[in-house]
Amino acid sequence: MSIMEATLEVAAGQARKAGADRICVVTLRIGSLSGVVPDALRFAFDALSPGTPAGGAELRIETVPASFWCSACQARFQADNLLAVCPSCQSLSRELLGGRELELTSLEVE
Ligand SMILES: [Zn+2]
């Protein structure tokens, strides 16, 4: 819940800055390792957005797979858990490049 509260505050602030009264679409990007469940976000959005500039807005959620760096292959690869094994050389990577993000990527306002 608190994640969504913070997100709605940021969204309202950005809408105000843009001189907009209403937000039509809120787009969030969440990493597959962020520990955030999209359904829980939608639930929180529906519960918290009425009465804010984002009330009635559409929530779009983009999920980003986790990506790792293999130092042996000098290549990036994707995996969905923290014990990531490079698909080319089977070595274990601990260099997480992305997958924990939770960010507001865009807003459409009017
Ligand atoms: Zn490798």
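**Exercise 1.** Which residues are exposed on the other side of H1, away from the buried ones?

*Solution.* The model is predicted. Start with the extent of the helix: H1 covers residues 2–17. Its 16 residues reach 23 Å from the first C-alpha to the last, close to the 22 Å expected at 1.5 Å a residue. Next, list the buried residues of H1, which are Met4, Thr7, Leu8, Ala11, Ala12 and Ala15. These residues cover an arc of only 135° around the axis, so they sit on the same side of H1. Finally, turn to the other side of H1, where Ser2, Glu9, Arg16 and Lys17 are exposed.

**Exercise 2.** Find what covers the buried residues of H1.

*Solution.* The cover includes both strands and a helix. Among the strands are S1, S2 (58–64) and S8 (102–109). The helix is H2, residues 38–48.

**Exercise 3.** Decide whether arginine 16 is buried or exposed, and state its distance to proline 53.

*Solution.* First, place the residue: arginine 16 lies in helix H1. Second, apply the cut-off, by which a residue is exposed when its relative accessible area is over 50%. Arginine 16 has 62%, so it is exposed. Third, take the distance: the C-alpha atoms of arginine 16 and proline 53 are separated by 8.9 Å, although the two residues are 37 residues apart along the chain.

**Exercise 4.** Describe the chain just after H1, using alanine 18 and glycine 19.

*Solution.* Alanine 18 belongs to the loop between H1 and strand S1, which spans 23–31. Its relative accessibility is 56%, so alanine 18 counts as exposed. The C-alpha atoms of alanine 18 and serine 88 are separated by 47 Å, and the two residues are 70 residues apart along the chain. Glycine 19, also just after H1, takes a positive phi of about 75°.

**Exercise 5.** Count the aromatic pairs and classify what you find.

*Solution.* Two rings pair if their centres lie within 6.5 Å. By this rule there is one aromatic pair. It is formed by phenylalanine 68 and phenylalanine 77, whose ring centres are 5.9 Å apart. For the class, compare the planes: an angle under 30 degrees counts as stacked. The planes of these two rings stand at 25°, so the pair is stacked. As a last step, check the accessibility of each partner. Buried means under 20% relative accessible area. Phenylalanine 68 has 1% and therefore counts as buried. Phenylalanine 77 has 6% and therefore counts as buried too.

Technical notes: Residues are numbered from 1 along each chain as its sequence is written. This is a predicted model: local features need pLDDT of at least 70, side-chain atom pairs count only at pLDDT 80 or more; totals for chains, interfaces and linings use all residues. Side-chain values use heavy atoms; hydrogens and water are left out. Helices (H or I, at least four residues) and strands (E, at least two) are DSSP runs, numbered from the N terminus. Buried means under 20% relative accessible area, exposed over 50%, partly exposed in between (1.4 Å probe, protein chains only). Rings of Phe, Tyr and Trp (its six-membered ring) pair if their centres lie within 6.5 Å; planes under 30 degrees apart count as stacked, over 60 as edge-to-face and the rest as tilted. The expected span of a helix is 1.5 Å times one less than its number of residues. The arc is that of the directions from the helix axis to the C-beta atoms. Contact means heavy atoms within 4.5 Å.
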